[in-house]
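Q: Please take a close look at one loop residue with an unusual backbone angle. Then set it beside other loop positions, the helix packing and the aromatic pairs, in one connected account.

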Amino acid sequence: MDKRFPFVDWFRNASPYINAHRGRTFVILIEGDAMASHRGEQLIQDLALLHTLGVRLVVVFGVRPQVQAALTAAGVAPVHVDGRWVADRAVMAQVEQVASHQRLWLEARLSLGLPSSPLHGVELSVVSGNLVTAKPLGVREGVDFDHSGEVRRVRASAIQELLSQGSLVLLPPLGFSSTGEVFDLDAADVAQHAAVALKADKLILLGDSEGLEDEQGGLLRQLSPKEAEPRLAAAAPGSELARHLSAASTAARKGVARTHLLSWQDPDALLGELFTRDGVGTMITEHRYEQLRAATLNDVAGLLELLEPLERRGMLVARSRARLEHEIDDYQVIERDGMVIGCAALHLFSEAGVGELACVAVHESYRGGERGERLIEAVEQRARKAGLAALFVLTTHTAHWFVEHGFQDASLEELPPLRRDTYNHARKSKVLIKTL
């Protein structure tokens, strides 16, 4: 009997990411709302899995909703200024109590190893401590923020030593001063400073929203810090969006390769973002997740994989590995997180002052995003730089698409002699030309 397990295919596809994440340092912020809504158990299981796969974890946790509930129960109404409460003595008493209770709960859950639990057999050493030093916000616009503080320094060397010993490091939203005082900190700010100080590979911010949306309500997969600026300026001061965007953009500008905005409400968000090619949230990075560049010999295997389905359907002429290696300097590729998802080639016929636009292909999972247009533009720029007067293309399936992009029907006689002599009459490809 033929049994199919979708998990097996997913696991095979996840294997490159399992290997890529091993030994990497991730700083993960879990907002207090996740714990308050009983999503903590699932997240802890995911953290344990990441630890098992060799990821070095620093986990920052928030306590805002729990502290607010404790303040309400105690009849304390804190003063709020620009999204931060003034942490006076009464407020700090609740902050310290809730943060301590939350830390102990997390440590206990990360120690769970019953045979019936997903953490069975996982030995996790969880370490917390005075790893973040802080300073007071002081008096701002006439308001004394008392024990509301900001991060002064993260003890990166101490944390690195703990990580090298295989420990998971837990950071509460608290900081300690050289005078022995405790300060209330913004958890997102702690996470950002930790990621930068540790030169982390990823900063992951788990909040209420699954990411940023465009004007039509669609999920934005990737932005640069500059592209995120208008959204940060429009966000309400102190809101989760403002805090997360500020942390993600600052970390990206200061060298953290990738920062991710995810939703703790999605039980698959953390693993889905880390072990699938497209992810599930919004990534903010200075480095392009998807880039168009000149091809190298290292891309040949990816090109063969991209082109094979199109060659099998007769849309492209089959190209051997040897041919691709010989002509690799002619190719431009679109790479998405290590995978070649698009390509186009420019073959020069310098004596005739023209070039052939060839092998234009986009992976079927990534069509509709104007990647074909980007490839044509890149080839045209290259052709102009080479001093060519025109481009021609031979096609059997997509003549209309090329016409939409400025190509016009032409005859076989208009091809340069060398290309005309190698024309495959059996394919009956249409000839189109575009003047540059």
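**K199 and its structural setting**

A: K199 is placed in the loop that joins helix 7 (187–197) to strand 13 (202–207). The model is a predicted one, and in it the phi of K199 is near 55°, a positive value in a residue that is not glycine. The relative accessibility of K199 is 69%, and because the cut-off for exposed is over 50%, K199 counts as exposed.

A second loop residue invites a comparison with K199. D146 is not a glycine, yet it has a positive phi of about 55°. D146 belongs to the loop between strand 8 (143–144) and strand 9 (149–154). The relative accessibility of D146 is 32%, and D146 therefore counts as partly exposed.

L53 is a further loop position, placed between helix 3 (40–52) and strand 2 (56–61). Its relative accessible area is 22%, so L53 is partly exposed. When neighbours within four places in sequence are left aside, the contacts of L53 are I18, R22 and F275. In addition, the C-alpha atoms of L53 and H21 lie 8.0 Å apart, although these residues are separated by 32 positions in sequence.

From the loops the account turns to helix packing. The axes of helix 4 (residues 64–74) and helix 5 (residues 89–110) come within 9 Å and cross at roughly 130°. This angle lies between the range for roughly perpendicular, 65 to 115, and the range for roughly antiparallel, over 145, so helix 4 is oblique to helix 5. The crossing of helix 4 past helix 5 is right-handed. Helix 4 contributes Q66, V67, A70, L71 and A74 to the contact, while helix 5 contributes A90, V91, Q94, V95, V98 and Q102. The residues of this contact between helix 4 and helix 5 comprise eight nonpolar, three polar and no charged.

Another helix pair is formed by helix 8 (residues 225–234) and helix 9 (residues 240–253), which pack at an angle of about 160° with their axes 10 Å apart. Helix 8 and helix 9 are therefore roughly antiparallel to each other. Helix 8 passes helix 9 in a left-handed crossing. On the side of helix 8, the contact involves P225, K226, A228, E229, R231 and L232, and these meet A242, L245, S246, S249, A252 and R253 of helix 9. The residues of the contact of helix 8 with helix 9 comprise six nonpolar, two polar and four charged.

The aromatic side chains complete the description. Two quantities describe a pair of aromatic rings: the distance of the centres and the angle of the planes. The model has three aromatic pairs with ring centres within 6.5 Å. For F349 and F392, the ring centres are 5.7 Å apart and the planes stand at 45°, so the pair is tilted. F349 lies in strand 19 (residues 339–349) and F392 in strand 21 (residues 390–395), so this pair ties together parts that are 43 residues apart in sequence. F349 and F392 are both buried. For F402 and F407, the ring centres are 5.6 Å apart and the planes stand at 80°, so this pair is edge-to-face. F402 and F407 are likewise both buried. Ring pairs also join W401, F402 and F407 in a cluster.

Note on methods
Residues are numbered from 1 along each chain as its sequence is written. This is a predicted model: local features need pLDDT of at least 70, side-chain atom pairs count only at pLDDT 80 or more; totals for chains, interfaces and linings use all residues. Side-chain values use heavy atoms; hydrogens and water are left out. Rings of Phe, Tyr and Trp (its six-membered ring) pair if their centres lie within 6.5 Å; planes under 30 degrees apart count as stacked, over 60 as edge-to-face and the rest as tilted. Helices (H or I, at least four residues) and strands (E, at least two) are DSSP runs, numbered from the N terminus. Buried means under 20% relative accessible area, exposed over 50%, partly exposed in between (1.4 Å probe, protein chains only). Axes are lines fitted to C-alpha atoms, for helices over the stretch in contact, and angles run from 0 to 180 degrees between N-to-C directions. Angles under 35 degrees count as roughly parallel, over 145 as roughly antiparallel, 65 to 115 as roughly perpendicular and the rest as oblique. A crossing is left-handed if the near helix is turned anticlockwise from the far one by less than a right angle, and right-handed if clockwise. Contact means heavy atoms within 4.5 Å. Ala, Val, Leu, Ile, Met, Phe, Trp, Tyr, Cys and Pro count as nonpolar, Asp, Glu, Lys and Arg as charged, and the others, Gly among them, as polar.
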